[in-house]
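Q: Please take a close look at one part of this structure, the annotated binding site, and then set it beside the other features that can be picked out.

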Amino acid sequence: MNVRAAAAEVIYQVVDQGQSLATALPAAQQGIKPRDHALLQEICYGVLRWLPRLESVTQSLMDKPLKGKQRVFHHLILVGLYQLGYMRIPAHAAVAETVDATKTLKKPQLRGLINAILRNYQRQQEELDQQAMSHDAGKYGHPGWLLKLLREHYPTQLDAVTAANNTKAPMWLRVNRRHHSRDQYLALLDGTDIRATVHPQAGDALKLERACDVQLLPGFADGWVSVQDAAAQLAVDYLKPQAGELILDCCAAPGGKTAHILEREPGASVVAIDCDEQRLLRIKDNLQRLQLDAEVLCADARYPQQWWQGSAFDRILLDAPCSATGVIRRHPDIKWLRRADDIAALATLQAEILDAMWQQLKPGGTLVYATCSILPQENREQVKAFLSRTPDAVLAEGTENGTADAPGRQILPGEEDMDGFYYAVLEKRLTV
């Protein structure tokens, strides 16, 4: 299949039909040559990063929008514009391949229209780009509802946060301590053409100078190393698992944190739950590659009485369902799939899970509340409300755990080149 046609169909499925990029992109890659997978991904990610800007240019170049059965060709135009404006593909090749995609999409009669639009953009590119960036959506590449929240909560960091969201994320590795220390694995990488640097806080994290195929990483198939952002790796540093403890990883898919707990503390017993059967398979796959054992359950965290009759847990990692506004650089479709009214619904769900999980924690135990969101309603406001209604809950001591008025640690996208993440460490009093 023509790569540009495949890209147009993926963008159509995400923007118009509400599919996730994680679903649409792998399906489309099945229909093209393996050597074109990276190109397809680059085009799809790029169009979704700069969608408002590309839409503005398209509106300026068209008398009327393409609708109905022709809607996929609207997205084909966006694909062409992105190549001309942001990629190093020679302009003639970008135009020719995009126009040729009309045959694959079975509307060759639209060749002339798409060719004319792309050629006109080439002639007026500077003027059209300036016009597209004259409004906030085009300038920042974010929907209005999210920009409003970012302005409200991060007025001095708006430019930095949006810029980080629109930047390609680095490739972080998590070194498996069962095989090597981080420094030992770094030395192994030094013997290859793969360059990496350490993280100042996450003890198992290495950042690659350039992303690479995981099969090129020494010992990847044997479980020596995994791919995981440094911000996500901090979960285990805050959880502090100990030998002999019973630990729950709640909302655990795809299983990176489950595995990290067991890598860090082989003597712990870990239960991993998630309510999505398909996502549970990813937990099991990860554990199998790393040769780790955990009890994996399909379960709704709001109703533990339905799936757990065992002892209370010593520690619970609650990586709560959230807006994922901290990982937009890895999932640019989040900007267009999320809606403003999702946030209140997610906050309600988080509160229900937090209350339910607290009842499964031993007195004296620790619960780490985490999200990959940067919105206070899901994070600091959530934890502050929980502390006010839960007499036996206290914020663990530590400067990174914030204050009673602003509990927890908020990591913003791009900080130490990490994803956006939030952590709060809560302890259950022995007596109230």
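A: What follows starts with the annotated site and then moves to the cysteines, the open and closed spaces, and one loop residue.

The model is predicted, not determined by experiment. In UniProt, an unreviewed entry carries the annotation "binding site" for Cys251, Ala252, Ala253, Pro254, Gly255, Gly256, Lys257, Asp274, Asp300 and Asp319. That label comes from the record, and such annotations may be inferred rather than shown by experiment. Two of the annotated residues, Gly255 and Asp319, can be described further.

Gly255 sits in the loop that runs between strand 5 (246-250) and helix 13 (256-264). Its relative accessibility is 0%, so Gly255 counts as buried; the cut-off for that word is under 20%. Leaving aside residues up to four places away in sequence, Gly255 touches Ile283 and Asn286.

Asp319 belongs to strand 8, which covers residues 313-319. Asp319 has a relative accessibility of 15% and therefore also counts as buried. With residues up to four places away in sequence again left out, the contacts of Asp319 are Cys250, Cys251, Lys257, Ala370, Thr371 and Phe421. Among these contacts are Cys251 and Lys257, and both of those residues are covered by the "binding site" annotation. The contacts of Asp319 thus link one annotated position to others.

Cysteines have come up, and the question of disulfides follows. A search of the whole structure finds zero of them. Cys372 serves as an example: its sulfur is 3.5 Å from the closest cysteine sulfur, which is in Cys322, and this is too far for a bond. The cut-off used is 2.5 Å. Cys372 is itself buried, because its relative accessible area is 17%.

Next come the spaces in the model. Rolling a probe the size of a water molecule over the atoms shows where empty space is left. The second largest pocket has a volume of about 200 Å³. Two elements give two or more residues each to the lining of this pocket, namely helix 12 (230-239) and strand 12 (421-428). Helix 12 gives the most, with three residues. In total 14 residues line the second largest pocket, and Tyr238, Lys240, Ala396, Glu397 and Val425 lie nearest its centre. By type, the lining of this pocket holds six charged, four polar and four nonpolar residues.

A cavity, unlike a pocket, is closed to the probe. The whole structure has one cavity of 30 Å³ or more, and the volume of the largest cavity is about 50 Å³. Its lining consists of Arg53, Leu54, Val57, Leu81, Tyr86, Tyr121 and Asp129. Helix 4 (51-61), helix 5 (71-86) and helix 7 (111-132) are the elements that give two or more residues to this lining. The largest share, three residues, comes from helix 4. Five residues of the cavity lining are nonpolar and two are charged, with no polar ones.

Last is a residue in a loop. Thr390 is placed between helix 17 (380-389) and strand 10 (393-395). Thr390 is buried, because its relative accessible area is 8%. From Thr390 to Ala116 the distance is 64 Å, C-alpha to C-alpha, and the two are 274 residues apart in sequence.

How values were computed: Residues are numbered from 1 along each chain as its sequence is written. This is a predicted model: local features need pLDDT of at least 70, side-chain atom pairs count only at pLDDT 80 or more; totals for chains, interfaces and linings use all residues. Side-chain values use heavy atoms; hydrogens and water are left out. Helices (H or I, at least four residues) and strands (E, at least two) are DSSP runs, numbered from the N terminus. Buried means under 20% relative accessible area, exposed over 50%, partly exposed in between (1.4 Å probe, protein chains only). On a 1 Å grid over the protein atoms alone, a cavity is a set of points where a 1.4 Å probe fits but cannot get out, and a pocket is an open set with protein on both sides within 12 Å along at least five of seven lines; lining residues have an atom within 4 Å of a point. Grid points are joined across faces, edges and corners, and a volume is the space filled by probe spheres set on the points. Ala, Val, Leu, Ile, Met, Phe, Trp, Tyr, Cys and Pro count as nonpolar, Asp, Glu, Lys and Arg as charged, and the others, Gly among them, as polar. Contact means heavy atoms within 4.5 Å.
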